[in-house]
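Visitor: Could you walk me through this structure, please? I'm in my first year, so plain words would help.

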Amino acid sequence: MPYPNISVYDIQNIDQIKSPGMLVFRDLVEHNLNEMIRLAGSPQRLRPHCKTHKIREIIEMEMGLGITRHKCATIAEAEMLADAGVEDILLAYQLVGPNLKRMADLIDKHPSKKFACLVDCPAAVNQLSAAMRAENATRQVGVLLDLDSGMNRTGISIGQDAIELYEMILSTEGLELGGLHWYDGHHRQPDLDQRIGNVTAGWNQLIRFRDQLLLNGLKVPRIVTAGTGSFSILAETGEPDLELSPGTTVFHDDDMATRFPELNLFPSLGILTRVVSCNRDDHLTLDVGHKSCAADQPFGRRLAFPQLGSFENNDFQEVIHSEEHLVIKTPHADKFKLGDTLVAIPRHACPVSAVHQFANVISGGQWVGQWDVAARDRVLTV
Ligand SMILES: Cc1ncc(COP(=O)(O)O)c(C=O)c1O
């Protein structure tokens, strides 16, 4: 069920909204958060990733639902989380260069909060420890061992070197052993049985490794794992120390909605666009260029227009995408005139928040205000 009744994307006071403008359908965000909690089993089993939205008010909604642990990818996001009142923050990244000192500064700024990050090699352990001890300080940062789940992006492979690195974290000053990190975001197969098989095979490997650490007398306080395609599958394992970290689910874009129709989640992020030229038959030119949406997706399928119909039925087709224009070919073009609006649903939600200063909040079919995309900037104060 990729889309709800499309009337949820109707906005009565649409004239108030500048285009191109990021839209957050708050009622759908609320639905998605409740569904994430239901699938995870409880709010304590979630550690949602905030990179998708970067918005403080959404963190407040999550905290209001009992979600206390949060994940992020940048120092600015970590600072936004701390400013929003989150007590337990995992920066799921291996820190290098000036970001090591920025983490130390963040800990100094929020000494009562729990911060953690990832490592996948001995040099990272040493550099992080040095940053925690700099200027004769006695800071502590949580450290999770980042394991390569087969995604081949970051992480150490399961094996003896990984055990030794885990032991090294335990014995290194300034670091507190935080457990294991296993992001298996490459399991995106639309075939549910195939995905369950792949996710479970990875999970069994991880659990064998975890059990080996326990046999060696090491503690594994938590396993942080999963994205949109795997979190509901891993929730079924019943593992008690599991923290599931989907992120896209909050906005649930067109890609995830069509790939994972078994999830009862709906796209809650849109981009308001207007017709800026309509002189050619069967064509509309819209003000949603690639500077206002996610352009990491291949040209041809960057945006969906549920109010026009579906991509599969040829209700719209992307023809030209430049910085401030999108030309679409659509058999419905004659129903539109200059200045008319459409809600575009991004194929990939997460990069959209990085290119908008604020989100227009829609609730009950009305524009009700705006939220700053607080962690859009790379640097807040540290
Ligand atoms: C380390 C990490 N954890 C969690 C997530 C969230 O995954 P998803 O976007 O599939 O929900 C991501 C997404 O990129 C990630 O990189």
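Guide: We can talk about a helix, then a strand, then the ligand. This is a predicted model, where local features need pLDDT of at least 70 and side-chain atom pairs count only at pLDDT 80 or more, while totals for chains, interfaces and linings use all residues. Residues are numbered from 1 along each chain as its sequence is written.

Visitor: How many residues does helix H7 have?
Guide: Helix H7, residues 192-215, has 24 residues, and helices here are DSSP runs (H or I, at least four residues) while strands are runs of E, at least two, both numbered from the N terminus.

Visitor: Which residues of H7 are buried?
Guide: They are Asn198, Val199, Gly202, Trp203, Leu206, Phe209 and Arg210, where buried means that 20 or more other C-beta atoms, placed from the backbone, lie within 10 Å of the residue's own.

Visitor: And what follows H7?
Guide: Gly217 follows, with a positive phi near 85°.

Visitor: New topic: where do the side chains of strand S13 point?
Guide: In S13, residues 326-329, they alternate, with Leu326 and Ile328 on one face and buried, whereas Val327 and Lys329 point to the other face and are not buried.

Visitor: Which residue stands opposite Val327?
Guide: Thr285 does, and strand S10 (residues 283-286) runs antiparallel to S13, joined by 4 bridges.

Visitor: What joins S12 to S13?
Guide: A hairpin does, through 4 residues, and Glu318 has Ile328 in S13 as its bridge partner.

Visitor: Last one: which residues are around the ligand?
Guide: Among them are His49, Tyr183, Ser245 and Thr249, each counted if its C-beta atom, placed from the backbone, lies within 6 Å of the molecule.

Key:
A residue is buried if 20 or more other C-beta atoms lie within 10 Å of its own, exposed if 12 or fewer, and partly exposed in between; C-beta atoms are placed from the backbone. Two strands pair if DSSP finds at least two bridges between them. The expected span of a helix is 1.5 Å times one less than its number of residues.
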